[in-house]
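Got your viewer open? Load the model, give it a slow spin, and let's go for a walk.

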Amino acid sequence: AFVFCLIQVTYSVTKDLSALNLLRGLLMVLLLWTIWVGFAWIGNARTEKEDISRLGWFRVMVVAAMATLVILGRTVPTGFQSESNVFAGAFVILFVLYVIGFLYVTRDSPRNRRSFLTVLPGQALLPLAVVGAAFFDSVPWSPILITVGLIASYLSAQLRVPGDWDISLTHADERFGLFILIVLGETIIALGFGAYYAVFDFKVVIAIVCGIIFATALWWIYFSLIAQQASEVLATMTREDQSRVSRLVYTYLHALLVVSVAALAVGLEVLAANPEQRLPRPLNLILPGSLALFLVTILVIRRVLTGKAPWQLLIPAALLLVVMPLGLVLPALWAEVICAGILAFFILSRELQTLSDR
């Protein structure tokens, strides 16, 4: 269901690369991220020893959420416009299911339920903002309301008292790592769609190879420096630090990783369809910028987790930023090859292996 929604976001953005539509795409990705985060923490709160016979209706709730998510995904291209009312209705239903699910899984844990009820009022501002955006279906009110709702929802998590949440670290690591795999997989789908609409020749082949290098490099970096290692580091912390750091790493910083990969998918689809053209604005910023953002965010996550930053990541990040102005004068394919070469050289030089040694 999330793959379908992300494909819809990429499709809607690539059809219109205006600043306003890029902002809409960003907001859509963040809205989808809040849905994933909410249901991921529901799963995290459920006890592993729970009687499976009591989960029948809970599974029905999850299936209902999946169906609602697909309906929401169907309206993504027009979610801020003609079908904003359907989008808002689906989002509200998902929020209600999220609340029901959380109340159910925390029924035997007063501390977790108290923590959830503390942040719930702030989180409820987001569906209200989505409904308001549907009502004021115009610029600039629609994106402004969504932005305010997202900020309120994310800041509400700070109301939790440190240590008031029982965390399954391995579950959190697996769930949030899975979403990184989902968005990386969506870049491959976007790449394929872009290549489908191009005149097939060796330039399209090169564009496809470069796209695969991007996805592979980001996968390699994430799962070498963050996945599994995050849960191992968090396991050595106190309950208070686990609550604070896991919220920062998984809910907030992973959002930047998701946004960067989603932006990369947009760039890959457009470039695969037009490899001979120069990078149009703002694609000269999106492709190298999304890769650089991913690397810098990985650096920050490692700094938060271990107190040490793999500063070597700044080298490819800086080189990628240099490609931004070059993208205005070079054909798209050349800019893509340069970016792929930077990432490939960084990994093949075994810097990554050195950084991951502990």
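Is Ile 42 buried or exposed? Select Ile 42 and look: this residue is buried, with a relative accessible area of 2%. Buried here means under 20% relative accessible area, exposed means over 50%, and partly exposed is in between, using a 1.4 Å probe and protein chains only.

A quick word on what you are looking at. This is a predicted model, where local features need pLDDT of at least 70, side-chain atom pairs count only at pLDDT 80 or more, and totals for chains, interfaces and linings use all residues. Residues are numbered from 1 along each chain as its sequence is written, and side-chain values use heavy atoms, with hydrogens and water left out.

**Stop one: the whole thing**

Switch to a cartoon view. You should find 14 helices and 0 strands. Both are DSSP runs numbered from the N terminus: helices are H or I with at least four residues, strands are E with at least two. Reading along the sequence gives α-α-α-α-α-α-α-α-α-α-α-α-α-α. The radius of gyration is 21 Å, close to the 21 Å that the globule rule gives for 358 residues, so the protein is as compact as a globular protein of that length. That radius is taken over C-alpha atoms, and the rule is 2.2 Å times the number of residues to the power 0.38.

Turn the model around: the C-alpha trace spans about 60 × 55 × 35 Å along its principal axes. Buried residues make up 54% of the 358 residues. Now think about contacts, meaning heavy atoms within 4.5 Å. Of the contacts with a separation of 6 or more, 81% are between residues 24 or more positions apart.

Try a surface view next. The accessible surface comes to about 15800 Å², and 68% of it belongs to carbon and sulfur atoms. These areas come from the Shrake-Rupley method with a 1.4 Å probe, and for residues only the protein chains shown count as cover.

**Stop two: back to Ile 42**

Ile 42 is found in helix α2. Show its contacts, leaving out residues up to four places away in sequence, and you get Phe 58, Tyr 98, Gly 101, Phe 102 and Val 105. For a sense of distance, pick Leu 155 too: Ile 42 and Leu 155 are 113 residues apart in sequence and 19 Å apart in space, C-alpha to C-alpha.

One of those contacts, Phe 102, makes a good next click. Phe 102 sits in helix α4 and counts as buried at 1% relative accessibility. Draw a line from Phe 102 to Val 13: they are 89 residues apart in sequence, and their C-alpha atoms are 33 Å apart in space.

**Stop three: another spot on α2**

Stay on helix α2, which covers residues 19-45, and select Asn 21. At 9% relative accessibility, Asn 21 counts as buried. What does Asn 21 touch, not counting residues up to four places away in sequence? Look for Ser 12, Val 13 and Asp 16.

**Stop four: two loops**

Go to Glu 83, in the loop between α3 (56-74) and α4 (84-105). Glu 83 is partly exposed, with a relative accessible area of 22%. Beyond residues up to four places away in sequence, Glu 83 touches Arg 74, Thr 75 and Thr 78. Then pick out Ala 344: Glu 83 and Ala 344 are 43 Å apart in space, C-alpha to C-alpha, and 261 residues apart in sequence.

Next comes Ala 227, in the loop between α8 (202-225) and α9 (229-235). Ala 227 counts as buried at 10% relative accessibility. Its contacts, with residues up to four places away in sequence set aside, are Asp 173 and Tyr 222. Add Glu 174 to your selection: Ala 227 and Glu 174 are 53 residues apart in sequence and 7.8 Å apart in space, C-alpha to C-alpha.

**Last stop: the cysteines**

How many disulfides does the structure hold? The count is 0, where a disulfide is a pair of cysteine sulfur atoms within 2.5 Å. Select Cys 210 to see a case: its sulfur is 8.9 Å from the closest cysteine sulfur, in Cys 339, which is too far for a bond. Cys 210 counts as buried at 5% relative accessibility. Finish at Cys 5, which counts as buried at 0%.
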